[in-house]
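Visitor: I am new to this structure and would like to take a close look at one part of it, the packed interior and the strands around it. Please set the part in its context before going into detail.

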Amino acid sequence: MKLQAQIGETTSTVEIKRDGARVFARVDDREYELEASEPEPNVYLLKHEGRVYEAFVGKGADGVTSVEIDNAQFDVRLIDPKKLRGAGAAAVAADGVAEIKTAMPGKVVRVLVAAGNEVKKGDGILVVEAMKMQNELKSPKDGTVKSINAPEGKTVAAGDVLAIIE
């Protein structure tokens with residue numbers, strides 16, 4: 001997974017690969033190999049070169065993620081360049097029907113809304129687990145959930161339409 005991480009005025013390219021508990025990260029030209037675990041929601045233990053770091057992670061407003069490590073707090077904006085390429089198409093769908101699709105094969109682990117529910121842009125719709133990571137799929141627009149096409153526990157393929165927002 002290749003992302004851009006913006007902290008203040010600094011933007012770095014971040015590439016993350018996961019193999020079980022092992023995480024391989026490249027931040028600009030620096031490489032890291034970590035052991036990672038999530039002992040409780042939004043709390044991560046990261047082991048690097050014999051030292052353990054405890055990270056508290058929380059979602060803030062406007063897509064900013066707050067990270068606290070060793071009493072230092074960082075506000076990080078993660079940008080997925082792949083999603084930026086499709087931003088024009090999402091804007092066109094804002095007035096019509098929006099389909100929520102999964103980018104990779106996985107399993108639906110939680111359905112957060114039901115058909116008929118009103119949602120706002122950015123509200124969570126479903127959670128899909130892929131490659132041992134859980135990804136919350138969000139509404140690209142304000143609207144009403146027309147249908148949920150994948151119940152909890154269902155295995156889904158890349159590109160499957162999991163929900164429709166009108």
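Visitor: How many helices and strands does the protein have? And which residues of the largest nonpolar core touch the most other members?

Guide: The protein has two helices and 16 strands, where helices (H or I, at least four residues) and strands (E, at least two) are DSSP runs, numbered from the N terminus. This is a predicted model, in which local features need pLDDT of at least 70 and side-chain atom pairs count only at pLDDT 80 or more, while totals for chains, interfaces and linings use all residues. Residues are numbered from 1 along each chain as its sequence is written, and side-chain values use heavy atoms, with hydrogens and water left out.

As for the core, the largest one has 15 residues, and Ile125, Leu162 and Ile165 are the members that touch the most others. A nonpolar core here is a set of buried Ala, Val, Leu, Ile, Met, Phe, Trp, Tyr and Cys residues joined through side-chain atoms within 4.5 Å; buried means under 20% relative accessible area, exposed over 50%, and partly exposed in between, with a 1.4 Å probe and protein chains only. In soluble globular proteins, nonpolar side chains tend to be buried together. Two or more residues of this core come from each of the elements β9, β12 (124-130) and β16. Apart from it there is a second, separate core of five residues, with Ala5, Val27, Val67 and Val76 among them. In the protein as a whole, buried residues make up 25% of the 166 residues.

Isoleucine 125 gives a good view of the interior. When neighbours within four places in sequence are left aside, its contacts (heavy atoms within 4.5 Å) include Ile100, Val111, Leu112, Val113, Val119, Leu137, Ile148, Ala163 and Ile165. Lys138 and Ser139 are also in contact with isoleucine 125.

The strands around this core can now be followed sheet by sheet, with two strands taken to pair if DSSP finds at least two bridges between them. One open sheet has four strands in the order β13-β12-β10-β15, and its pairing is antiparallel. At its edges stand β13 (133-138) and β15 (155-156), each with a single partner strand, so one side of each is left without a neighbour in the sheet. Within this sheet, β12 and β13 pair in the antiparallel sense over six bridges, and leucine 126 has leucine 137 in β13 as its bridge partner. The hairpin of these two strands has two residues between them, and there methionine 131 takes a positive phi near 55°. Towards the other edge, strand β10 (residues 106-111) runs antiparallel to β15 and is joined to it by two bridges, with glycine 106 having valine 156 as its bridge partner in β15.

The other elements named for the core belong to a second open sheet, whose four strands follow the antiparallel order β9-β16-β14-β11. Its edge strands are β9 (98-101) and β11 (118-119), each of which pairs on one side only. Four bridges hold β9 in antiparallel pairing with strand β16 (residues 161-165), and isoleucine 100 stands opposite alanine 163 in β16. In a regular strand the side chains alternate between the two faces of the sheet.

Charged side chains also appear on these strands. The structure holds five salt bridges, each being a side-chain nitrogen of Lys or Arg within 4 Å of a carboxyl oxygen of Asp or Glu. Lysine 138 and glutamate 136 meet in one of them, at 3.5 Å from N to O; lysine 138 is partly exposed at 39% relative accessible area, and glutamate 136 is partly exposed at 40%. Lysine 101 and glutamate 99 meet in another, at 3.6 Å from N to O, with lysine 101 partly exposed at 44% and glutamate 99 partly exposed at 45%.

Confidence should be kept in mind throughout, and it is given as pLDDT, the predictor's confidence in each residue, from 0 to 100. The protein averages a pLDDT of 84, and 89% of the residues score at least 70. Among the elements, β11 has the highest mean pLDDT (94), whereas helix α2 (residues 87-93) has the lowest (39). Over residues 84-94 the pLDDT is below 50, and beyond near neighbours in sequence this stretch has three contacts in the model. Where pLDDT is low, the predicted coordinates should not be read in detail.
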